[in-house]
Amino acid sequence: MIQKTPVLPVAVSCGEPAGIGPELIEAAWQEIGQDVPFFWVGDPAHLPGSVPHAVLDDPRDALQACATGLPILPMPFNGPRVAGQAQPRHAKGVIASIESGVDLVMHGLASALCTLPIHKQALAEGANFRFPGHTEFLAHLAGADEVVMMLASEQLRVVPATIHIAISEVPDALTEELLEKRIRITTTALKEQFGIATPRIAVAGLNPHAGEGGRMGHEDATLIAPVLDRLRAEGLNLSGPLPADTMFHARARGNYDVAICMYHDQALIPIKTLDFDRGVNVTLGLPFIRTSPDHGTAFDIAGKGLANPTSTVEALKLAHHLAQNGSNEA
């Protein structure tokens, strides 16, 4: 008989207080608080106060508290929130919220971590934050050697092999070792977190028409194809290198569980076109589940009641779902 062990709540780091994060988390509780247990780590004074709050002493109490209000694990900050205006004096609190979330999930007091958007300039100015972003900081805290960014929605999952670099730098950055690591980490995560026993992975080519036999570039044949051949010999279910312009229509998407793309826009344009509001950032390769809404701090609309909570809601739902995948016992 299969039994489900109780799933712990999802920890949510507060992100940049001056952005739309405080509005999003209240709206998310209003929409799914009865179904997806989570708690927010931050300063209660930074929240709009449009929904009831439930201040916690123990994060595990969030399972019951979710029914009555937004569960909050309080963390006082240095001063009030000013919507739309990032304040470096809040940087240490933002970082502490992330560190607390990681500590809680790694010590079994939360099932997963969902991170709200940060503002890297404010963190650098206020706390000498030297990491390129959230993902690298989380990898540092968790002691992970290599992590992979996935964007996921109900219609599509994509992994960019290279991320925030210029297009001109992609051919040099794209190596056999890098591509193999991306594929292996993605395969493991699809098995262990997404519950897909034999993941089907489609791999895009770098050049138009996947190089068209070398007439439009050589990397597809000389770099990508050998990696795929080696991994297929180990039993991985890989297709490619495929022409990227024919990978993302509805019939093609039915043939794979994730698409691994060679650069940022090759991966993100399809998913944002198909499902802009529901895309979720998932970090693969960490020793815990981490999701995040796929947008930034949106200072221009902060405090104006215009923030769309859909991506945050989807990030919380996915974190909870992935945690449930790992909680079944025979």
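Two strands pair if DSSP finds at least two bridges between them. Keep that in mind as you open this predicted model and start with a pair of strands.

**Stop 1: a strand pair**

Select residues 280-284, strand β12, together with residues 290-293, strand β13. The two run antiparallel and are joined by 3 bridges. To see a pairing in detail, pick Val280: opposite this residue stands Pro293 of β13.

**Stop 2: the whole sheet**

Now widen the selection to the sheet. You are looking at an open sheet of 12 strands with mixed pairing. Follow the strands across in this order: β4-β5-β3-β2-β6-β13-β12-β7-β8-β11-β9-β10. At the edges are β4 (53-55) and β10 (237-242), each of which pairs on one side only. From one strand to the next, the twist averages 25°.

Next, add helix α3, residues 91-106, which packs on this sheet. The strands that α3 touches are β2 (10-13), β3 (38-42), β5 (70-74) and β6 (112-115). Compare the direction of α3 with that of β6 and you will find an angle of about 165°.

**Stop 3: strand β5 and its partners**

Select β5. This strand is largely enclosed by the rest of the structure, because 4 of its 5 residues are buried. On the β3 side, 3 bridges join the two strands, which run parallel; look for Trp40, whose bridge partner in β5 is Ile72. The pairing of β4 with β5 is also parallel and also has 3 bridges, and there you can pick out His53 with its bridge partner Leu70.

**Stop 4: the loop between β5 and α3**

Which residues does His90 touch, beyond those up to four places away in sequence? Select His90, in the loop between β5 and α3, and show what surrounds it: Pro17, His46, Phe77, Asn78, Gly79, Pro80 and Arg81. Zoom in on Pro80, where the backbone oxygen lies 3.3 Å from a polar atom of the His90 side chain. His90 counts as buried, because its relative accessibility is 1%.

Move along to Ala83, which is found in the loop between β5 and α3. Ala83 has 34% relative accessibility and so counts as partly exposed. Setting aside neighbours within four places in sequence, Ala83 is in contact with Ala18, Ala302 and Gly303. For a sense of scale, draw a distance from the C-alpha of Ala83 to that of Thr135: the two are 25 Å apart in space and 52 residues apart in sequence.

**Stop 5: helix α11**

Select residues 310-325, helix α11. From first C-alpha to last, this helix of 16 residues reaches 22 Å, close to the 22 Å expected at 1.5 Å a residue. Is α11 largely enclosed or exposed? It is largely enclosed by the rest of the structure, since 12 of its 16 residues are buried. Among those buried residues are Thr310, Val313, Glu314, Leu318, His320 and Leu322.

**Stop 6: the cysteines**

Finish by showing the cysteine side chains. How many disulfides does the structure hold? The count is 0. Select Cys14 and Cys114 to see one reason: the sulfur of Cys14 has its closest cysteine sulfur in Cys114, 12 Å away, which is too far for a bond. Cys14 counts as buried because its relative accessibility is 4%. Select Cys261 last; at 0% relative accessibility, this cysteine counts as buried too.

Notes. Residues numbered from 1 in each chain as written. Predicted model: local features only at pLDDT ≥ 70, side-chain atom pairs only at ≥ 80, totals over all residues. Heavy atoms only, no water. Axes fitted to C-alpha atoms, helices over the stretch in contact; angles between N-to-C directions. Contact = heavy atoms within 4.5 Å. Expected span 1.5 Å × (residues − 1). Buried < 20%, exposed > 50% of the residue type's maximum accessible area, 1.4 Å probe, protein only. Disulfide = S-S within 2.5 Å. Polar contact = N/O pair within 3.5 Å; in protein donor to acceptor, adjacent residues only side chain to side chain.
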